[in-house]
Structure formats: C-alpha cells, structure tokens
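Grab a pencil and have the viewer open. Here are a few exercises to work through, each with its solution.

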Amino acid sequence: MKHIIEPLDFSLEETQRLLDLADDIAANRQKYTKICDGKKLATLFYEPSTRTRLSFEAAMLNMGGSILGFSSAESSSTAKGESVADTIRMISCYADICAMRHPKEGAPYVASCHASIPIINAGDGGHQHPTQTFTDMMTIRAKKQRIHNLTIGLCGDLKFGRTVHSLIKSLARYEGIRFVLISPYELRVPNYIIEEVLQQQNIPYTQAERLEEVIDQLDILYMTRVQKERFFNEEDYIRLKDSYILDAEKMKLARDDMYVLHPLPRVNEIATEVDNDPRAAYFEQAQNGVYVRMALILLLLGLAPDEQRKEIGIC
Ligand code: NCD
C-alpha cells in the first residue's frame, strides 16, 4: 500500500506513468466511467477548499465510485477533541482511499501511520500539496511538450505557498530546470528549500522582487496568492497582498510561448483581462486536476489498466 504525502513519494518513472495515465483519461473519458464501481473515497478537509475537494470528488464520481467525508473541522468529531490518528482508524473501516487536507504540517503523514487505506495529502499547512504539483506538471507538459529545459518563474507568496514548495522539489529532479523566484523580501522561499533542494542539487536559481524585470526570461510563470490565513499579523498581509498584479501590460513583456499557471483561487494577482490571453493556462490547469486525481486514485487502488500498474510497481 502506498501513500502520497509529498510529490517525491513517486519516483520520476512513477510520476511519468501518472501523467501518461492522466493524459489517457483526458483523451478517453468513456473508458474509465465504471472502473471504480463499488469503491469509496473519503475526503477529510479540515481547511477550506473548492477545487481540490471537489475535483477529488468529481474524480471518484467520474469513475463510478462513491464519496463521503466532511469539508470543515467544525463539522467533524475534531470539534469534540478527536485526534487525526483515531479519525483515520475509523475512516479506514468506511472507505477504500482517503484525501486529507489539514492546517497542521505533517497531519496527513500522521494519518498515514495509522491508516489501513492509502492516504493522499491534499495540502498540509504551508508544507506540501502533491496533487496540485502533479496537476501543474500535467499542464506544463501539455503546454510545452516537456518538463525539462525550462525556466520557471514562481511569483507571489513563496514563503507560505505550499504549492510552490512541492513544485520546486518536483521540478528540481528534471534536467535543465532553472528557477526565477519573484517575491517581496518577506515572502521569499524558505531557507530549507533553498539549501536542501536548490543549492544541494546545484539547480540554477535567481531571486527577484520586480516581475517586469524578469518576465521576458520565462517559459512558465506560476502566479500565487498571498496566503492570508498563514499570516500572524493582518497589517503585514494588507501591506503585501497586492505586491504583484499580472495584467495585459505586463503580459506584453512576456514571450509568445510563456504560459501563465496559478493553482487558484486568485484574489488580485491576475487581472481578469489576462483570462482571454491565449497564454493563460490556469483554467485548463484546474480541469487537469480532475484527470490527475482520477489517475492517482486508480494507481493507488491498483485499478489502473494493467500495463500502467505493472510498470509503476504498485500492486
Ligand atoms: C492552493 C492551496 O490550497 O494551497 N489551492 C489549491 O489547492 N488549488 C493555493 C492557494 O490556496 O492559494
């Protein structure tokens, strides 16, 4: 049994199989409509979510399975003081697989230590968000036909943005990746990522504060929201929240084949006028989230078409 707590829980080969399966699902949805018949997905969301929870649920429903769960800690026994460990022991009796989002870093890992079903981390605090990363990678590959030899700009809240942390860790495994890290000083990528991932693996990166100065270098621009809920002090949030606003004017400085990604939800960081730019890929990215989660559920449940399952080493 395998859990996905962070994106590196899948090897490069396994990640490629996952993305290939997601592509196949996107192209042949009919083939998969009954493949999870009789299976149940539990979605335990202790923190707000729209896309991640609903795309997990849509993924299972698209494959003929069923769903159960809760969408806030207040509506679960957590409000009575139950631990994650106890909750997951129960859920293991009710469902075949579980996606968990939690405000505390490491909570899905703790769950995986007590579960008898596969656990998928659907975002833990400011730490990791592996399924968003797989979604991002599927989108990058679809747009650029490769995941190597790319200059990736990450812009916004690089300190608290868990999608950023997971994406850097994952892309650092591919040849010829270079990062341009664009953020205010206070919201720079945490030191542990700089030291343990970028410096240790000799990945080229630069840090910048002004998007206009670097946008023309990028193959991908990954915009992020300033993570209001992780600030200790509201004044800091108000001061930093509009640090970056990508608009049509700034898009003129970018290459014709630079694609804009965003895990969503957006607040102000991408003006709606950019939505009509052919380089805006964030809604397609959200759609890809369903295919990637369908593929992941199939692989973890051992229900993927045979050749995929054998090659990925999951049984
Ligand atoms: C992201 C998250 O929850 O970390 N959203 C998502 O899952 N698509 C990004 C964010 O909330 O800013």
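**Exercise 1. Work out the strand order of the open sheet and how its strands pair.**

Keep in mind that this is a predicted model. Start by walking across the sheet: its four strands come in the order β2-β1-β3-β4, and the pairing is parallel. Next, look at the borders. β2 (66-70) and β4 (119-124) are the edge strands, each with a partner on one side only. Finally, check the twist, which averages 15 degrees from one strand to the next.

**Exercise 2. Zoom in on β3 and β4: how many bridges join them, and which residue is the bridge partner of H102?**

Strand β3 covers residues 97-102, and four bridges tie it to β4, the two running parallel. For H102, the partner in β4 is D124.

Now add the helices. α4 (residues 107-114) packs on the sheet and touches β3 and β4, with its direction at about 165 degrees to that of β4. α11 packs on the sheet too, touching β1 (40-45), β3 and β4; here the angle with the direction of β3 is about 125 degrees.

**Exercise 3. Describe the largest cavity: what is its volume, and which residues lie closest to its centre?**

First, count: there is one cavity of 30 Å³ or more. The space in the largest cavity comes to about 80 Å³. It is lined by 13 residues, and R51, Q132, P263, Q285 and A286 sit closest to the centre. Then ask where the lining comes from. α2, α5 (130-144) and α11 (282-301) each give two or more residues, and α11 has the largest share with five. By type, the cavity lining splits into four nonpolar, seven polar and two charged residues.

**Exercise 4. Do the same for the largest pocket.**

Its volume is about 380 Å³. Of the 22 lining residues, R101, R162, R225, L264 and P265 are the closest to the centre. The elements giving two or more residues to this lining are α2 (51-62) and α6 (162-171). Sorting the pocket lining by type gives four nonpolar, ten polar and eight charged residues.

**Exercise 5. Place Y192: is it buried, partly exposed or exposed?**

Find it first: Y192 belongs to helix α7 (residues 191-199). Its relative accessible area is 29%. Buried would need under 20% and exposed over 50%, so Y192 counts as partly exposed. Now list its contacts, skipping neighbours within four places in sequence: H127, Q128, H165 and V197. As a last check, P204 is twelve residues from Y192 in sequence and 16 Å away in space, C-alpha to C-alpha.

Conventions
Residues are numbered from 1 along each chain as its sequence is written. This is a predicted model: local features need pLDDT of at least 70, side-chain atom pairs count only at pLDDT 80 or more; totals for chains, interfaces and linings use all residues. Side-chain values use heavy atoms; hydrogens and water are left out. On a 1 Å grid over the protein atoms alone, a cavity is a set of points where a 1.4 Å probe fits but cannot get out, and a pocket is an open set with protein on both sides within 12 Å along at least five of seven lines; lining residues have an atom within 4 Å of a point. Grid points are joined across faces, edges and corners, and a volume is the space filled by probe spheres set on the points. Ala, Val, Leu, Ile, Met, Phe, Trp, Tyr, Cys and Pro count as nonpolar, Asp, Glu, Lys and Arg as charged, and the others, Gly among them, as polar. Buried means under 20% relative accessible area, exposed over 50%, partly exposed in between (1.4 Å probe, protein chains only). Contact means heavy atoms within 4.5 Å. Two strands pair if DSSP finds at least two bridges between them. Axes are lines fitted to C-alpha atoms, for helices over the stretch in contact, and angles run from 0 to 180 degrees between N-to-C directions.
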